[in-house]
Amino acid sequence: MAQSVTGGTDVFAPGHIGELTQVIPLELVDAVLDGTGARERRLRSLPSRVGVYFVLALGLFGDLGTGLVWGKLVAGLTVMVPRPSEKALRDLRRRVGVAPLKRLFDVLAGPLAQPSTPGVRYRRWRTVAFDGCGSLNVPDHERNWSWLGRTQRRHGPTGYPRLMLMTLCETGTRGLIGAVFGPASKGETDYAHDLVGHLTSDMLVLADRAFDSNRLLVDIAAQGAQFLIRATSVRRPPVLALLPDGSYLTRIGDLSLRVIEAEVRSCTADAACSAGPTAC
């Protein structure tokens, strides 16, 4: 017998809620609800634990409305389940709130690879990367405008508030180690600073040229992590010592770094190629 998400003990057939409970056990959801004070205070047909799984399902099926997502969530269950209205589902989300989902992410986030997992390490370092997205639109509501602000364009503000999401992830497994989000007016590098505390001395940070600011490099090094970050050819650090392989040593602030000059070449399907110098 398996504990039902709606309470009691029932057997359920494979379905999306069954798949979610295999990854995120009911006991863990109950623990974060209790820890954040989000547990329901009276018997409900839609308890708070259902609300947590429902919000997770909304993330899996972002192109569907709440009613259709609910249908996918409970598909395959062998027991009778409620058929809530969209208002009831909205109220459920509001009752659960943000805190349990944040606590759940904090518990589950982290590297996924085992020492023997292929493609996730370079020598002794676990490879990680910053990955951001600044094109996420959220509903046109005054509460969203109040904290995200309005993105100004040449012909006025955009139609929807814009959200910036930045993550630190493990390459290979794509496991999320940390995530932050906020107004798109704040730059990617600024959000990356908020994630530096998740780095450890066994990590190698891979990043593109947007993340080569002096301050970010210093902060990464202060965590004991290594980094390989692309820089444009416009940046000309001083050459302090040439190495046999053609790379050279330089210094940025208090950091002693090795610069590897390379040419990045890209080709389209019609064999048209372009190349540009870069440095790491």
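How are helices H3 and H5 oriented relative to each other? They are roughly perpendicular, since their packing angle of about 105° falls in the 65 to 115 degree band that carries that label. Keep in mind that this is a predicted model. The protein chain has 280 residues, 35% of which count as buried, and its secondary structure comes to 9 helices and 16 strands. Among contacts with a separation of 6 or more, 49% link residues 24 or more positions apart.

**The H3–H5 packing**

- H3 covers residues 48-60 and H5 covers residues 86-96, and their axes sit 9 Å apart.
- On the H3 side, the residues in play are Ser48, Val50, Gly51, Val52, Phe54, Val55 and Leu58.
- On the H5 side, they meet Leu89, Leu92, Arg93, Arg95 and Val96.
- Sorted by type, the residues of this contact come out as 8 nonpolar, 2 polar and 2 charged.

**The largest pocket**

- If you're after volume, the largest pocket holds about 2500 Å³ of space.
- Its lining takes in 47 residues, and those closest to the pocket centre are Val55, Gly59, Val98, Leu101 and Phe181.
- Val55 also turns up in the contact of H3 with H5.
- Both H3 and H5 supply at least two residues each to the lining, and so do the helices H1 (16-23), H6 (99-108) and H7 (142-148).
- Strands contribute as well: S4 (125-137), S7 (162-170) and S8 (176-183) each give at least two lining residues.
- By type, the lining splits into 28 nonpolar, 12 polar and 7 charged residues.

**Buried residues worth a click**

- Threonine 66 belongs to helix H4, which runs over residues 66-74.
- Its relative accessible area is 19%, so threonine 66 is buried, given that the cut-off is under 20%.
- Beyond its neighbours within four places in sequence, threonine 66 is in contact with Phe54, Leu58, Glu86, Leu89 and Arg93.
- Phe54, Leu58, Leu89 and Arg93 are also among the residues where H3 and H5 meet.
- Threonine 167 is in strand S7, and its 8% relative accessibility makes it buried.
- Setting aside residues up to four places away, threonine 167 touches Ala129, Phe130, Asp131, Leu176, Gly178, Ala179 and Leu195.
- Isoleucine 252 is in strand S13 (residues 248-252), and it counts as buried at 12% relative accessibility.
- Outside its neighbours within four places in sequence, isoleucine 252 is in contact with Asn214, Leu217, Arg235 and Leu257.
- For the asparagine 214 partner, the C-alpha separation from isoleucine 252 is 6.9 Å, although the two are 38 residues apart along the chain.

**Partly exposed residues**

- Leucine 206 is in strand S9 (residues 203-207), and at 30% relative accessibility it counts as partly exposed.
- Leaving out neighbours within four places, leucine 206 is in contact with Thr127, Val128, Ala129, Phe130 and Leu228.
- Ala129 and Phe130 are also touched by threonine 167.
- Leucine 206 and glutamine 226 are 20 residues apart along the chain, and their C-alpha atoms are separated by 9.0 Å.
- Alanine 31 lies in helix H2 (residues 26-36) and is partly exposed, with a relative accessible area of 44%.
- From alanine 31 to arginine 49, 18 residues along the chain, the C-alpha atoms are separated by 10.0 Å.

**Backbone oddities: positive phi**

- Most residues other than glycine have a negative phi.
- Arginine 123 has a phi near 55°, a positive value in a residue other than glycine.
- You'll find arginine 123 in the loop between strand S3 (121-122) and S4, and at 68% relative accessibility it counts as exposed.
- Arginine 174 also isn't a glycine, yet its phi is positive at about 60°.
- That residue, arginine 174, is in the loop between S7 and S8, and it counts as exposed at 73% relative accessibility.
- S4, S7 and S8, which flank these loops, are also among the elements supplying the lining of the largest pocket.

Note on methods:
Residues are numbered from 1 along each chain as its sequence is written. This is a predicted model: local features need pLDDT of at least 70, side-chain atom pairs count only at pLDDT 80 or more; totals for chains, interfaces and linings use all residues. Side-chain values use heavy atoms; hydrogens and water are left out. Axes are lines fitted to C-alpha atoms, for helices over the stretch in contact, and angles run from 0 to 180 degrees between N-to-C directions. Helices (H or I, at least four residues) and strands (E, at least two) are DSSP runs, numbered from the N terminus. Contact means heavy atoms within 4.5 Å. Ala, Val, Leu, Ile, Met, Phe, Trp, Tyr, Cys and Pro count as nonpolar, Asp, Glu, Lys and Arg as charged, and the others, Gly among them, as polar. On a 1 Å grid over the protein atoms alone, a cavity is a set of points where a 1.4 Å probe fits but cannot get out, and a pocket is an open set with protein on both sides within 12 Å along at least five of seven lines; lining residues have an atom within 4 Å of a point. Grid points are joined across faces, edges and corners, and a volume is the space filled by probe spheres set on the points. Buried means under 20% relative accessible area, exposed over 50%, partly exposed in between (1.4 Å probe, protein chains only).
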